[in-house]
Amino acid sequence: MGTRCSAHFICLCFLLTSPAYCLSHPPLVGVHPLDEKYYRSEVIKCKDGTKYFPRDRLNDNFCDCIDGTDEPGTSACPTGKFYCQNLGSKPQFIFSSRVNDLFCDCCDGSDEYDGSIHCPNTCVMGGNVEYRSDLVSIGAKKTNDGVKLKESVYNLTGLKIAIILQLSLVIFVVVLWRVRCHNRYRRRRYH
């Protein structure tokens, strides 16, 4: 009985922690969340309307569309844009030529996803930290009015709330699971 409850608990934890369990396609790199629906169909039209291409040509490192629609996560198209989600800071678009160029342009490091360089996530620090693989120190841009400090405090507060809510959900699920397993055990033991 204990093994069965453990297996159910592990499956439940996997489903709660895996964001991809309800998606038929994995999330795309460099795509704005509002554009993800655009890329879900099997045949996709270039945003400039010139061509159609199959979904398997997305991010294949070959520019099929003049406007870069088919390469949101690579540097193949010179006019392409890469979306940095930058959780904990301000989202932004960068030129796709900056993707996997060994320079951390997104504060969350999402533009350097190929593993050639490790970009620390500096978003919770305000996101305006410059980082290069060949630099020893990390230098932050300064402002005169202290807006960056207030923004950082606000971002950290939001992050703390999100972590507390997620932790509360996990604790609730664990307690619920223990009560359920305990009740099953009691029913089987006394019947």
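**Exercise 1. Work out how much space the second largest pocket holds and what kinds of residues line it.**

Start with the volume: in this predicted model, the second largest pocket holds about 230 Å³ of space. Next, look at the walls. The lining is made up of 13 residues, and those nearest the pocket's centre are Leu28, Gly30, Val31, Glu36 and Gln85. Finally, sort the lining by class: you get 8 nonpolar, 3 polar and 2 charged residues.

**Exercise 2. Find the partner of aspartate 35 in a salt bridge, and say where both residues sit.**

Begin with the general idea: oppositely charged side chains can pair when their charged atoms come close. Now check the distance. Aspartate 35 and lysine 47 have their closest N and O atoms 3.1 Å apart, and the cut-off is 4 Å, so the pair counts as a salt bridge. Then place the two in the chain: aspartate 35 is in the loop between helix H1 (2-17) and strand E1 (43-45), while lysine 47 is in the loop between E1 and strand E2 (52-54). They are 12 residues apart. For the full tally, the structure has 3 salt bridges.

**Exercise 3. Describe residues 159-179 and the nonpolar surface patch that includes Ile171.**

First, the record: an unreviewed UniProt entry annotates residues 159-179 as "transmembrane region". Second, the fold: this stretch is 100% helix and 0% strand, with 30 Å between its end C-alpha atoms. Third, the patch: Ile171, in helix H2 (residues 147-190), joins Leu167, Val175 and Val179 in a nonpolar surface patch. Together, these four expose about 360 Å² of accessible area.

Definitions and conventions. Residues numbered from 1 in each chain as written. Predicted model: local features only at pLDDT ≥ 70, side-chain atom pairs only at ≥ 80, totals over all residues. Heavy atoms only, no water. Patch = residues over 30% accessible without salt bridge, like charges linked within 9 Å, V, L, I, M, F, W, Y side chains within 5 Å. Areas by Shrake-Rupley, 256 points an atom, 1.4 Å probe, with all protein chains shown as cover. Salt bridge = Lys/Arg side-chain N within 4 Å of Asp/Glu carboxyl O. Helix = DSSP H or I, 4+ residues; strand = E, 2+ residues; numbered from the N terminus. 1 Å grid on protein atoms, 1.4 Å probe; cavity = no way out; pocket = protein on both sides within 12 Å on 5 of 7 lines; lining within 4 Å. Points joined across faces, edges and corners; volume = space filled by probe spheres on them. Nonpolar A, V, L, I, M, F, W, Y, C, P; charged D, E, K, R; others polar. UniProt positions renumbered as here; feature names shortened; annotations may be inferred.
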